[in-house]
Amino acid sequence: MPVASPPRKMKLWNMVAYGCVDIYGGGAFFLIGSLYLVFLTVVIGLSPIYAGTIILCGKVWAAFANAAAGYVSDHTRSRYGRRRVFFLFGMVPIFGILWMPVTLSTARWTFFYHLFVYLVYNSLFALTKVPYNSILAEMTDDYRVRSKAMGVRMMFSQAGMLAAAFVPLTIINRTATIKMGYAVIGCVFGLLFSVPWLIAFLGTWDHGTNVYRASTLGVEMRKLVRDFCSTARNRTFVLHMGMYLMTFLNMDIFNSVVLFFATSGLGLNMEHSRDLITIVQGSQLLAIPVVTWAVCRFGNARTFRGSLIIWGAGILSLAVTPCGASLGRLGVCAVLTGLGLSGAMMIPWNIQSFVADVDELITGERRDGLYAGVMQFVRQIAIGLGLFATNVMLELFGFSKGSEVQSVTFGQYLRVFMIVTPISLLGVAILISRRFLLDAAAHTVLLKELTRLRS
């Protein structure tokens, strides 16, 4: 059913309250992407196949959890609205439990324990992040205000990623054992990621309108499947998904192997590897204001393509850098990588808040949660398969489980992998983005038509 634009004006405080949650989004995203594979293989001692299976099962589970969370969010009734009420679940510190270095009597039982914890984590993550990803479109329909709010969110996201790049490896270097280091990481970040949800609960709002109609479970399930399929009619969303999947698949693969490449391919010790990753994340953070300005000035698609070109050039420059190269040269490559990665990460999330406007023009309904759920559903399936394939390749490359030092041959194979992957994935994303036409001018026309239809 059509809904009126929210009467409240989004102020800086509301942007901060909305954006601060992505300390969790960006920090958890980077920590799991860059260190969880290391945690499972080096610290826990599981094989890459076992570790890859945990990640694949978790992603598939998360896909369905995200789909269900989007539907539940759209159909929720509560005194706190249909989105904001789920923020309270974010204060459960499940992220800390994920990093407890538990080993049981056999590798099989250890595998099942960490699989269970990872599934619980993904369930709570979906229950909170899908409503969070949906709420911005209900707080404001102004193109530039949304883009600025997304810029604030990405500042927090990059700050979380920067902390996740520097703090964990520093903790590991300063604790007696690597297992103790990971336990401390779990405690620190479990607390850090819980607090922002309360701030967001206090500083955001949604219009509270739901589309719930009392019916049987069978009817609701059929409607859920029908709603999911109906998103394919939204061409803007289909193009957005293509851009989003190619970009984030490349990002997840890059994060999962960058620490291995830094130590085995570039010959860096753990401290210098930490510094390299920190420079990448710091550059991302510094580039956010420029990306926000570029989106408002040139539109999402053009800024997206420029960011991918810079990001791809940065990854390739790292991949071809010989072992033993100077830290100055590596720093330049890391800065280039971070500058491009900033826009590549921000813009797909910025676009998401606009695709529901297009859907309302098509269907006459406001289904922000559905689109956030579908977006996460497809992404989790695709990235789960991609990361599983990456873990299989690590096994084929000769990865030695439980060891912090890998062979020279392993580093050489990894170097070739880092050259081929960005060229393939980012090239496809650039081609798709050339067909994406929703810019500020088009969105203004869209809003005028929506206002007419709502009246």
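Reader: Which residues lie nearest the centre of the largest cavity, and how many residues line it?

Author: Rolling a probe the size of a water molecule over the atoms shows where empty space is left. In this predicted model, the largest cavity has a lining of 31 residues. Nearest its centre lie F29, K59, F125, D252 and R379.

Reader: Which elements give two or more residues to that lining?

Author: They are α2 (22-43), α3 (48-74), α5 (107-139), α6 (143-174), α10 (235-265), α13 (327-363) and α14 (368-396). The largest share comes from α2, with nine residues.

Reader: How many residues of each class are in the lining?

Author: The lining of the largest cavity holds 14 nonpolar, eleven polar and six charged residues.

Reader: How many cavities of 30 Å³ or more does a search of the whole structure find?

Author: The search finds nine cavities of that size. The largest cavity contains about 420 Å³ of space.

Reader: I should now like to read a single residue. Is T321 buried or exposed?

Author: A residue counts as buried when its relative accessible area is under 20%. For T321 the value is 0%, so T321 is buried. T321 lies in the loop between α12 (300-319) and α13. Not counting residues up to four places away in sequence, T321 touches L266, R329, L330, C333 and R415.

Reader: Why is T421 classed as buried?

Author: T421 is classed as buried because its relative accessible area is 13%, and the cut-off is under 20%. T421 belongs to helix α15 (residues 408-433).

Reader: Which backbone oxygen does the side chain of T421 reach?

Author: The side chain of T421 reaches the backbone oxygen of F417 at 2.8 Å. Leaving aside neighbours within four places in sequence, T421 is in contact with N250 and I253.

Conventions:
Residues numbered from 1 in each chain as written. Predicted model: local features only at pLDDT ≥ 70, side-chain atom pairs only at ≥ 80, totals over all residues. Heavy atoms only, no water. 1 Å grid on protein atoms, 1.4 Å probe; cavity = no way out; pocket = protein on both sides within 12 Å on 5 of 7 lines; lining within 4 Å. Points joined across faces, edges and corners; volume = space filled by probe spheres on them. Helix = DSSP H or I, 4+ residues; strand = E, 2+ residues; numbered from the N terminus. Nonpolar A, V, L, I, M, F, W, Y, C, P; charged D, E, K, R; others polar. Buried < 20%, exposed > 50% of the residue type's maximum accessible area, 1.4 Å probe, protein only. Contact = heavy atoms within 4.5 Å. Polar contact = N/O pair within 3.5 Å; in protein donor to acceptor, adjacent residues only side chain to side chain.
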